[in-house]
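Here are some exercises to work through with the model open in your viewer. Try each one yourself before reading its solution.

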Amino acid sequence: MEEKTQQPLDTINVPAEFLETRGSIDAIDAGVAYGWVAYEKNDEPLTVYVVAEDRVLGSGEANLFRQDLLEAKIGNGRHGFEIDVNSLPVNDGREVTYKLVNAKNGQDIRNVSYVKRQLNQSISAEILREEHGHLVIKLRSDKPIGDKRVNVFHEDKLLATQDISTEHEDIQVRIALPIEVIDGHPRLFKVGLAGIKEVMTTSTLAVHPVQTPWQYIKESFNKPGFLSMPKQADKRYESLHFQLEDMAHGCSSLQASDLATVHNVIVEGYEGRTRYPKFNLPVWDDPEVSVIVPAYNKFELSYHCIASIALAYNKTSYEVILADDCSTDETAYAEDIIGNLVVSRNEENLRFLRSCNQATDLAKGKYIIFLNNDTEVTSYWIDELVARMEENPTVGIAGSKLLNLDGSMQEAGGIIWGNGQAWNVGREINPLTPEYNYVREVDYLTGAALCIRHDLWQQVGKFSDEFAPCYYEDTDLAFKVRAAGYKTIYVPHSEVVHFEGQSHGTDVTQGLKRYQLINEGAFRQKWLKEYRSNGTPSFANLRYEKDRNIDQRVLVIDYASPTPNKDAGSYAAIQEMKLIQSLGFKVTFVPANMAHFGKYTTELQKMGVEVLYAPFYHSVNHVLETRLDEFDAVYITRYHIAKDYVSYIRQHSNAKIIFNNADLHFLRELRAALRDGGDPEQIERALQTREDELAVCGQVDAVLCYNSTEHAVITSHILEADKLHITPWVLQQKSRGPAFEQREGLVFLGGFNHLPNIEAVEYLANDIMPLLATQRPDIKLYVYGSNMPAHLKQLATDNIKMVGFAESLDDVYHNHRVFVAPLLSGAGIKGKVLESMAYNLPAVLTDIAAEGIGLTHGISTLIAQEPQEWVDAMIKLYDDKALWTKFAENSQLIVDAKYSFQHGHKVFKDIFASVGVYSTK
């Protein structure tokens, strides 16, 4: 590891203009900046930014104690810092100046220059797993790795190092961890190479001090400290939580005694089991899913598997069918141990394939799931498979993510290469790796956890008998389903732990396992024409070939993952990604803040969007460095995001850049400045925004605007009308809601991170509602919106109800009679107004609120400006049922004509074609 050489404190010459502060960046290593900064005359700790090339790479407080600072009489010595920093776009050997900036006043503290070394090779790292107190790290390079020192950090503290020397390009390194981190608590570990400033990889792992195999300590399962030891413990806790929650609400499908039994069974484990306490499966008269569990002896596995099905929480109704292939152990009377179990028992030994085929004759479900008996399932594993098939009738087969017992990935779908070789994609990597956590089409899915439509199963002739007794029947099934015109998809949020090799072993020369090689040849011969164009086997090709049926690839960049229940811009972002997907394009999304946003991120992944986030990627620049060559186009929303990346994309790829400005920022700022009386400082800021925003427009291939006003404004400046387009807005079909007489009150909706919404509510509360109260005190205003500031909540009165965040838009648009949007500034199209149209809720608007939507005063809406106009318009629309009905009907006509998904698909197809990115759909 390189020394973090600290600059001699007594040699620092502080320029006169920086006399108030002084400091130093002593080193940048593995993504951490080390240094110090202090005021000249007091010991108050400074908060600083680390900046390079006009980008803030990281920030933090300089409050760490350093003995050398105290000895140099730098205050009280508590002025050191260790700040996580993002990487710069490229490693090209140029000199890069890193500087410290006072976060309080924006002034530079001190410039320190570093030369970023030119890397003569491309090296990637991946933490595979923890193993007996060691981190197992995979290094890959485009040439022999040579002599390197691998460093492991936790919380920016160096934990361990290991020197390696190899001529290989691919190597696994085992690094022993110090005893203080082997305590079972999750920690974020970082890996770097000495001499390279960037973090190479990170992973969160818990290293347990007890490494004894479970079968030897299973008797301690109900003792404190042992229940949570297995890697599956967190998933078991989730299942127990969901089941208990249902029981508390009186809607559980399990009895409490059965829940207690199956939980104990799963926690104890299958190893060495000789006792089989009885339990009952749930009963449904018309189950939606039939789960087939094939078995030949080894009842301890089947019993554990079926108990896990009962424990796992799913809303979908199911039955479990045990396909018993002439077992001689407890499997022969399994129905006496497990209540409500359906058994398909063979009269003669049929082996795996034929036994499964026969068992499906008993299946009642619309869907059939084949589940190996050497598995343990998790909550929602059925729901996720079924949901993806319900929402897309062209999906014929859906398969789960398979995990190993140690928590690592076993399989994320399968690929058949051009030479017929089969690969389990994602094997042994971190199961949260973004590249393997979105729904995607694949070549095949392992039959260990595979769902197929019952009618399609019959249509394609079940498992093909030519692959009896086992192996490659699942791969062949996927190809048959695809030949019938259906898709085969991998569903990562359906997770199943597979105790690989427990059923048939791992030796391909013995027993049933030998049919793996025999049937591989039969499969290759049968399907050669279908797979021969699937590329050459290699990890480099995997990132292209693991996604099937992709025409083009589009990288989407925005400031954060969209939160559609909180703001209209997020709703628009999701619809635009769906439109891009409808063209047959793969969408990869990267939020500029690199944050995984919980359910909002997983909803994108369930849509089939690949979402890139920390700690797997450190910054948008990291994504561009490592992935830009994949993309045919980059779709960027908001100019303040685009301005940071457009130049780099232009210089380092041929990808077309489509810029959606969301709203025209400088127009919004100018309107606000002029409304406030023409404040010179506001106008100056708006003009600077105009310069920056138009510069971005000039650099890209296409500019998207939400309304014709902004289209005209931009055209008048950049004089390139052919690259400007109106962005389509897609409205989903809504229910009509209650009748006119059943509705009450006025309603406003808006996210309060957006200044125009705050202005609108202040205008309503201060200028409009007091007038309305004197004429119609019975009419109340309800204000909904996320992140409502405290000063708005204080505006509540007898006729103003500050509701805040709304869980459901139905509550907003169905319960009230008139929508109001008195926007005084802003730009772009107003999603809240469009939603009111989709819900058939008439509105009173300002000109700005109605801009670009297609509504007409007196025909489909009322437009008002001054407070008394607003009062008159609201009373008129609130009382006149005939006018209300007319506006609702006319608004719906506009929705059907301009805001359908089909219309948006056509517009997006034309937009991408205009820059040379073509769709066949």
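Two housekeeping points before we start. This is a predicted model, where local features need pLDDT of at least 70, side-chain atom pairs count only at pLDDT 80 or more, and totals for chains, interfaces and linings use all residues. Residues are numbered from 1 along each chain as its sequence is written, and side-chain values use heavy atoms, with hydrogens and water left out.

**Exercise 1. Work out the strand order of the open sheet of three strands, and which strands stand at its edges.**

Step 1: get the elements. Helices (H or I, at least four residues) and strands (E, at least two) are DSSP runs, numbered from the N terminus. Two strands pair if DSSP finds at least two bridges between them.

Step 2: read off the order. It goes S9-S10-S13, with antiparallel pairing.

Step 3: find the edges. S9 (123–131) and S13 (170–176) each have a single partner strand, so one side of each is left without a neighbour in the sheet.

Step 4: check the twist. Neighbouring strands here are turned by 25° against each other on average, direction ignored; the axes behind such angles are lines fitted to C-alpha atoms, for helices over the stretch in contact, and angles run from 0 to 180 degrees between N-to-C directions.

Step 5: zoom in on one pairing. S9 and S10 (residues 134–141) run antiparallel and are joined by eight bridges, and Glu130 stands opposite Leu135 in S10.

**Exercise 2. List strands that pair with S23, giving the sense of each pairing, and decide whether S23 is enclosed or not.**

Step 1: recall the background. Strands of a sheet pair through backbone hydrogen bonds, either parallel or antiparallel.

Step 2: take the parallel case. S23 pairs this way with S29 (residues 487–498) over eight bridges, and Ser400 sits opposite Val491 in S29.

Step 3: take the antiparallel cases. Three bridges join S23 to S28 (residues 449–453), with Ala398 opposite Cys451. Two bridges link S23 to S24 (residues 409–411), with Leu403 opposite Met409.

Step 4: look at the turn. S23 and S24 make a hairpin with five residues between them, and Gly407 in that turn has a positive phi of about 90°.

Step 5: check burial (buried means under 20% relative accessible area, exposed over 50%, partly exposed in between, with a 1.4 Å probe and protein chains only). Nine of the nine residues of S23 (residues 395–403) are buried, so the strand is largely enclosed by the rest of the structure.

**Exercise 3. Hunt for unusual backbone geometry: where do Lys73 and Tyr472 sit, and is each buried or exposed?**

Step 1: set expectations. Most residues other than glycine have a negative phi, and most peptide bonds are trans.

Step 2: Lys73. Its phi is near 60°, a positive value. Lys73 lies in the loop between H1 (67–71) and S6 (78–84) and is exposed, at 71% relative accessible area.

Step 3: Tyr472. Here phi is near 70°, again positive. Tyr472 is in the loop between H7 (454–459) and H8 (473–483), but is buried at 10%.

Step 4: the peptide bond. Ala614 and Pro615 are joined by a cis bond with omega of about 5°; Pro615 is in the loop between S32 (610–611) and H13 (620–627).

**Exercise 4. Classify the ring pairs that Phe523 makes with Phe479 and Tyr531.**

Step 1: apply the cut-offs. Rings of Phe, Tyr and Trp (its six-membered ring) pair if their centres lie within 6.5 Å; planes under 30 degrees apart count as stacked, over 60 as edge-to-face and the rest as tilted. A search of the whole structure turns up 27 aromatic pairs.

Step 2: Phe479 with Phe523. Their centres are 5.1 Å apart and their planes at 85°, so this pair is edge-to-face. It links H8 to H9 (residues 515–531), across 44 residues of chain.

Step 3: Phe523 with Tyr531. At 6.1 Å centre to centre and 15° between planes, this pair is stacked.

Step 4: check burial. Phe479 is buried at 4%, Phe523 at 0% and Tyr531 at 2%.

Step 5: widen the view. Tyr472, Phe479, Phe523, Trp527 and Tyr531 form one aromatic cluster, which brings back the positive-phi Tyr472.
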